[in-house]
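Me: I want to go through this model and test each label against its cut-off. Take the charged pairs, then the metal site, a helix and the core.

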Amino acid sequence: MKETITSSRRDFLKRAGIITAAAAVINPFDLLANTGYQKKGSSKKMELTFRTFDAQMRHVFTIANSSRTTTPIVLTEISYDGFVGYGEAAMPPYLGETQASVIEFLKRVDLSRFSSPFELQDILTYVDSITTNNTAAKASVDIALHDLVGKIMGQPWWKIWGFNSATTPCTSFTVGLDKEDVVKEKTKEASPYKVIKVKLGRDEATDKMMVNTIRSVTDTTICVDANQGWKDKYYALEMINWLNERNVSMIEQPMSKYMLDETAWLTERSPLPIIADEACQRLTDIPKLKGAYHGINIKLMKCTGMREAREMVSLAKALHMRLMVGCMTETSCAISAAAQIAPETEWADLDGNLLIANDVYKGMTVVDGKITLSDKPGIGIEKL
Ligand code: MG
């Protein structure tokens, strides 16, 4: 009787094709070994390595409160079974992280607790639990892990997530605060880009000089980032109305991130979309910003990386908020990682790699101003 049941069960499985299908799934790594990204000498243990890197700026970079010529970066790699994923932590001074604090954090990350990079959720939840802050350090692990998993799967993340690469926006190119003749020169340099981003928020004379100088060279769309520089809501509304007559498409962080009620007042009256940047760091910040801003600017270094960035896309959309993807001054590593969510965003400010003179990766490209994603697996980068 027992035998009868077994053999009829086997017949059923055969009819359903289950035995054949199960036999085919031997080892996904064997099937994916021909993706070209697997190296010899593989080990089924994840290994995290890292090194510091100073990004040299092409121009002195000035925003409302500071100027600098270099950006401190830490580059990470996670290797597993012959595949290597690349990651990065980029740290502009205002973020509160340094190369030393990132290294200290990375030394505490113990990936030997996990048996495979496909435990991505558990790994990144653990990484996030190590400290409260260190968002850039966490992003450097998150990006390397995503790159690794994408390479093993043989697909880029925009495809794994099911996004449409045709819907990426044009990236803006930043023209920093400077003297009139320098601004004119930088504006001419930005001519291949379809959107110019301008950093305002000092004083009325400087802000208007910046916009008027750019307008004396080109009619290209301008995105404005006030970096919390406007102190008064009436003044901010007056400036926005003035900018609205000059082909400006949106305003990023007009006032302090703490001025939520004033910003809500402004958003209600503004003819241009108001986008939260400094006010929106992580997923949990989004619900309280609904109503106070039209949308949010997602940056991997603020939100701990690609996993949370993708969650922020869903939450913001569910709340009918508009989306932008931004960056710090970064190599093509973190830029290409951020570009994976670009198909879901209305605005992109992914020019960080274009502002540095010593990039170490080749990745996402800008074609006719538009963010152009490739079919390369993971985050789609190669070492230069
Ligand atoms: Mg900003």
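Me: What makes Lys-197 and Glu-252 a salt bridge?

Reply: Their side chains meet at 3.0 Å, N to O. A salt bridge needs a side-chain nitrogen of Lys or Arg within 4 Å of a carboxyl oxygen of Asp or Glu, so the pair qualifies. The two are 55 residues apart, Lys-197 in strand β5 (residues 195-199) and Glu-252 in strand β7. Helices (H or I, at least four residues) and strands (E, at least two) are DSSP runs, numbered from the N terminus. Shared partners join Lys-197, Lys-199, Asp-225, Glu-252 and Asp-349 into one network of salt bridges.

Me: What is the status of the model and its numbering?

Reply: This is a predicted model: local features need pLDDT of at least 70, side-chain atom pairs count only at pLDDT 80 or more, and totals for chains, interfaces and linings use all residues. Residues are numbered from 1 along each chain as its sequence is written, and side-chain values use heavy atoms, leaving out hydrogens and water.

Me: Why is Lys-197 called buried?

Reply: Its relative accessible area is 2%. Buried means under 20%, exposed over 50%, and partly exposed in between (1.4 Å probe, protein chains only). Lys-197 therefore counts as buried. Glu-252, at 1%, is buried too.

Me: How do you know that Asp-178 and Lys-186 form a salt bridge, and how accessible is each?

Reply: The N to O distance is 3.3 Å, so the pair meets the salt-bridge cut-off. Asp-178 is partly exposed at 27%. Lys-186 is buried at 9%.

Me: Why does the pair of Asp-110 and Arg-113 count as a salt bridge?

Reply: The closest N and O atoms are 4.0 Å apart, so the pair is accepted under the definition. Asp-110, at 32%, is partly exposed. Arg-113 is exposed at 55%. The whole structure holds 20 salt bridges.

Me: What makes Asp-225, Glu-252 and Asp-277 donors of the magnesium ion?

Reply: Their oxygens (OD, OE and OD, respectively) lie 2.1 to 2.2 Å from the ion. Donors are N, O and S atoms within 2.8 Å of the metal (3.2 Å for Na, K and Ca), so these three pass. Water is not among the atoms, so sites may look incomplete. Along the chain the donors follow the spacing D-x26-E-x24-D. Glu-252 lies in β7 (residues 248-252) and Asp-277 in the loop between β8 (274-276) and α12 (286-289), so the pair ties together parts that are 25 residues apart in sequence. Asp-277 is buried, at 3%.

Me: How do you know that the buried residues of helix α4 line one face?

Reply: The buried residues of α4 (residues 99-108) are Gln-99, Val-102, Ile-103, Phe-105 and Leu-106. Seen down the axis, they fall within an arc of 160°, so they line one face of the helix. The arc is that of the directions from the helix axis to the C-beta atoms. On the other side, Ala-100, Glu-104 and Lys-107 are exposed.

Me: Why is the largest nonpolar core said to lie between domains?

Reply: This core has 115 residues, and those with the most contacts inside it are Trp-230, Leu-243, Ile-296 and Leu-350. Helix α6 (residues 135-153) gives the most, with 10 residues. Domain 1 (47-154) and domain 2 (159-383) both give residues, so the core lies between them. Domain bounds come from an automatic or database domain assignment. A nonpolar core is a set of buried Ala, Val, Leu, Ile, Met, Phe, Trp, Tyr and Cys residues joined through side-chain atoms within 4.5 Å.
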